[in-house]
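Colleague: I should like to go through this model with you. Could we begin with how the elements are named?

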Amino acid sequence: MKYATQRVALPFFALALALFALQVTFGILAATVYVLPEFLVDYVPFHIMRMSHTNLLIVWLLIGFMGCTYYLLPEEAESEIHSPMIAYVQLAIFAVAGAGALVSYQFGIHEGREFLEQPLWSKILITVSFLMFLYNSSRTLLVGRKTAINSVLMLGLWLAAIFWLFAFYNPGNLGLDKLYWWWIVHIWVEGVWELIMASLLAYLLIKLTGVDREIIEKWLYVIIGLALFSGLLGTGHHYYWIGAPAYWQPIGSIFSTLEVAPFFAMVMFAFYMFWKGRRNHPNKSAMLWTLGSAAVAFFGAGVWGFMHTLSFVNYYTHGTQVTAAHGHLAFYGAYVMMVLAVITYAMPQLRGRQPYNQILNMWSFWVMTSAMCFMTFTLTFAGVVQTHLQRVMGINYMEVQQQLELFYYMRLGAGVFVAIAAVMFLVAIFGPAREELPEGMALTAR
Ligand code: HEM
Ligand code: HEM
Ligand SMILES: [Fe+2]
């Protein structure tokens, strides 16, 4: 590790991973309700489990992104973090906001609107913390070296904050509410977060493959151009059935089909750089997560997204288990795996060790990724059967759900394996590690 303030990332990663474990736990509880409908009904009803699961996901990914930023910024900007103290304070504020929201859900206090259920005070604290984070990281960038990687990363983070502000606007008209709700939910994951993902991917590829920065930067510009060009108007694929004008059917269909392009470019980019690379970096598990993220994101977001994005297909599949299948694999591939890749790369250096526990880390990769894929397949089958029985044959909702029981058992089984793999990852990252690096020796310097 070249810069002392990169250490700021450590508590961010630790908290992110703890919340990841909690997210998976709530997922398993919610999946249990699908097979045992009365499970915990008097204590934690399904909708509370579900919002705990999805909120924890978003909160830990954001904390993860912040940790990644604090870790790579000093190296990229060749300058220490402006103020480690601001970083710790803003982390504490974010943790209070996230944990406070989680606790209030358990008492039934929330604002509705999937993903944006946080009570108002929590939303305000999240905003304050994120602005402190942006101030701190932007100050670091302004005095330092500006590269394509850190500039695109900061652009993505600023845009994420700007679109977040729509969380404060909640029109009474349900159609309008949805219209703006997607400006956060869709534009985050299919627009501005892609900038964050692409810049983290580019950073890891430079470090792990040793390919020239100039080549990586060209790819990066192409990817973010494609992401913004397709993703903004691609929002139209959520405007098909909410009372918006009919022109959204062709616009949404065409532009969201183009959204496959940046994910395709990212997976090509990752594997091309991997094959071209000269450097044989000792951290093999970080390389595995990096390539895995690009590949699974392409399938989860690109292939599973395209599957139901054309308006005349979505007419049948809208809001079925097909949506849940896609939501899981896309989030997992693009964002969960990318944050885990950076953590796998950074942790040995943050702990001053050689890359360690790689075998266990790689096992966690394969078990977690296979289990998430299996979960996606079971939900996809469930979704196809559901679409046919409910939307084509017109059988009523609850009767159809009963037909899907077997798939829901298999989803629960897959979830248990994800949890086991998450524990393996935690042990690999925080567990005992041999081979201390000599004082001042950084892997990056070699
Ligand atoms: C990493 C990127 C992506 C993530 C994390 C993601 C995640 C999600 C999630 C969670 C939902 C469910 C939202 C809800 O109704 O609550 C959703 C819906 C949807 N996504 Fe994605 N998505 C991504 C990329 C894409 C792409 C590239 C496409 C198209 C090619 C796509 C097409 C769709 C469609 C059509 C829906 C609406 C499904 C319905 O009508 O029920 N997504 N996505
Ligand atoms: C890191 C891995 C995971 C990610 C990224 C993730 C993501 C998500 C997302 C985005 C949703 C909302 C989906 C939508 O609106 O369509 C969701 C819902 C859900 N997740 Fe997960 N999840 C993960 C792991 C799990 C696990 C391990 C389980 C346990 C089997 C699980 C069970 C559920 C359930 C039951 C729901 C509610 C679905 C519904 O309302 O029908 N998830 N998850
Ligand atoms: Fe979307």
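Modeller: Helices are DSSP runs of H or I with at least four residues, numbered from the N terminus. Please keep in mind that this is a predicted model.

Colleague: Understood. Which helix holds Gln 321?

Modeller: Gln 321 lies in helix α12, which spans residues 321–350.

Colleague: Is Gln 321 buried or exposed?

Modeller: Gln 321 is buried, because its relative accessibility of 7% is under the 20% limit.

Colleague: What does the side chain of Gln 321 make a polar contact with?

Modeller: The partner is the side chain of Tyr 34, at 3.4 Å. If neighbours within four places in sequence are left aside, Gln 321 is in contact with Tyr 34, Leu 379, Ala 382, Gly 383, Gln 386 and Tyr 408.

Colleague: Let us move to ligand 2. How many residues surround ligand 2, and which are the closest?

Modeller: The shell around ligand 2 has 25 residues, and the closest are Tyr 34, Arg 50, His 53, Glu 114 and His 328. Tyr 34 is thus one of the closest residues to ligand 2 and also the polar partner of Gln 321.

Colleague: Which helices supply at least two residues of that shell around ligand 2?

Modeller: They are α1 (9–35), α2 (46–77), α12, α13 (358–392) and α15 (405–430). Helix α1 gives the most, with eight residues.

Colleague: And by class, what does the shell around ligand 2 have?

Modeller: There are 15 nonpolar, seven polar and three charged residues in the shell around ligand 2.

Colleague: Which polar side-chain atoms lie close enough to ligand 2 to be listed with a distance?

Modeller: Among them is one in Arg 50, 2.5 Å from an oxygen atom of ligand 2. An N or O atom in the side chain of His 53 is 2.8 Å from a nitrogen atom of the ligand, and for Gln 23 a polar side-chain atom lies 3.5 Å from a nitrogen atom of ligand 2.

Colleague: Where does ligand 2 lie with respect to the domains?

Modeller: Ligand 2 lies between domain 1 (1–146) and domain 3 (299–446), because both give residues to its shell. The domain assignment also gives domain 2, residues 155–280.

Colleague: How far apart are the C-alpha centres of domain 2 and domain 3?

Modeller: The two centres lie 19 Å apart. The contact takes 21 residues from domain 2 and 18 residues from domain 3.

Colleague: Now the metal. Which protein donors does the iron ion (ligand 3) have?

Modeller: The donors are His 186 through ND1, Glu 190 through OE, listed twice, and His 237 and His 238 through NE2, at 2.1 to 2.7 Å from the iron ion. In sequence, the donor residues are spaced H-x3-E-x46-H-H.

Colleague: Why are His 186 and Glu 190 separated by about one helical turn?

Modeller: They are four residues apart in helix α6 (residues 174–209), and therefore about one helical turn separates them. His 186 is buried, with a relative accessible area of 0%, and Glu 190 also counts as buried, at 14%.

Colleague: What distance separates the iron ion from the iron atom of ligand 1?

Modeller: The iron ion (ligand 3) and that iron atom are 4.4 Å apart.

Colleague: One last residue: what does Asn 55 touch?

Modeller: Not counting residues up to four places away in sequence, Asn 55 touches Tyr 105, Phe 115, Glu 117 and Gln 118. With Tyr 105, there is a polar contact between the side chains at 2.6 Å. Asn 55 is placed in helix α2 and counts as buried at 5% relative accessibility.

How values were computed
Residues numbered from 1 in each chain as written. Chains lettered and ligands numbered in written order. Predicted model: local features only at pLDDT ≥ 70, side-chain atom pairs only at ≥ 80, totals over all residues. Heavy atoms only, no water. Donors = N, O, S within 2.8 Å, 3.2 Å for Na, K, Ca; no water. Buried < 20%, exposed > 50% of the residue type's maximum accessible area, 1.4 Å probe, protein only. Polar contact = N/O pair within 3.5 Å; in protein donor to acceptor, adjacent residues only side chain to side chain. Contact = heavy atoms within 4.5 Å. Near = heavy atom within 4 Å. Nonpolar A, V, L, I, M, F, W, Y, C, P; charged D, E, K, R; others polar. Domains from an automatic or database assignment.
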